Amino acid sequence: AAALYQHNAAYASEAVTSPTLPSAAAPPFVGGKVFINGAVQDAPSDMKFADVYGCCASAVLSADQCLDGTDEDHRRLLTPTKIGTVPQMSTEQTLQALQSAVAAWGGG
C-alpha cells in the first residue's frame, strides 16, 4: 500500500508541475456584448471597450530566460491572456440600460 501511495503521489506531483497542454489549445475569446431591452446584442461600433484578461496561459521559455539548472520539462511561464472585451458605456448608454432594467423589474 505504501509503494502504491508513493507512486500516486509522485505521479500527481509531476502532473501538477508539468502539465501537458494540447499544442493547438487557445483560450476562448468573448467579444463585447450589451444586454438592453431583454436582448443580447453586439455592442455598437462607436462604443469603447476594455480588455478582459484571464489567468493564465502557458508559454515555453528559452534556456537563457530560466534559472540555472531548470530542465526542459519545467521551462514554463504563466502569463495573463486576453480572453475578451467589455463595453465601456457612455452616460447615455448606461441610462438606457438602467431604464431597460427598471422596466423589466416592474417593481418586483
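These are legends for four close-up views of a predicted model.

**View 1. The S1–S2 hairpin.** Here we're looking at strand S1 (residues 33-36) and strand S2 (residues 39-42), which run antiparallel and are joined by four bridges. Two residues sit between the strands, making the whole thing a hairpin. One of the turn residues, Asn 37, has a positive phi of about 55°. Within the ladder, Phe 35 of the hairpin faces Val 40, which belongs to S2.

**View 2. Ser 100 and the residues around Asn 37.** Which residues does Ser 100 touch, leaving aside those up to four places away in sequence? They are Ile 36, Asn 37 and Gly 38. Ser 100 itself is part of helix H2, a stretch that covers residues 91-105. Look for the polar atom of the Ser 100 side chain: the backbone nitrogen of Asn 37 is 2.6 Å from it. That is the Asn 37 with the positive phi in the hairpin turn. Is Ser 100 buried or exposed? Ser 100 counts as buried because its relative accessibility is just 11%, and the cut-off for buried is under 20%.

**View 3. Two salt bridges.** Side chains of opposite charge can pair when their charged atoms come close. How many salt bridges turn up when the whole structure is searched? The search gives two.

- *Lys 33 with Asp 42.* The closest N and O atoms of this salt bridge are 2.5 Å apart. Lys 33 has 44% relative accessibility, so it counts as partly exposed. Asp 42, with a relative accessible area of 56%, is exposed, since the cut-off for that class is over 50%.
- *Asp 51 with Lys 82.* In this salt bridge the closest N and O atoms lie 3.1 Å apart. The pair ties together distant parts of the chain, with Asp 51 in strand S3 (residues 48-60) and Lys 82 in strand S4 (residues 76-88), 31 residues apart. Asp 51 is partly exposed because its relative accessible area is 40%. Lys 82 is partly exposed too, with a value of 36%.

**View 4. A nonpolar patch at the surface.** Which residues make the nonpolar surface patch of about 280 Å²? The patch is made by Leu 95, Leu 98 and Val 102. To get your bearings, find Leu 98 in helix H2 (residues 91-105). Helix H2 is also where you'll find Ser 100, the buried serine of View 2 with 11% relative accessibility.

Technical notes:
Residues are numbered from 1 along each chain as its sequence is written. This is a predicted model: local features need pLDDT of at least 70, side-chain atom pairs count only at pLDDT 80 or more; totals for chains, interfaces and linings use all residues. Side-chain values use heavy atoms; hydrogens and water are left out. Patches are made of residues with over 30% relative accessible area and no salt bridge: like charges are joined within 9 Å, nonpolar side chains (Val, Leu, Ile, Met, Phe, Trp, Tyr) within 5 Å. Accessible areas come from the Shrake-Rupley method with a 1.4 Å probe; for residues, only the protein chains shown count as cover. A salt bridge is a side-chain nitrogen of Lys or Arg within 4 Å of a carboxyl oxygen of Asp or Glu. Buried means under 20% relative accessible area, exposed over 50%, partly exposed in between (1.4 Å probe, protein chains only). A polar contact is a pair of N or O atoms within 3.5 Å; within protein, one must be able to donate a hydrogen and the other to accept it, and residues adjacent in sequence count only if both atoms are side-chain atoms. Contact means heavy atoms within 4.5 Å. Two strands pair if DSSP finds at least two bridges between them.
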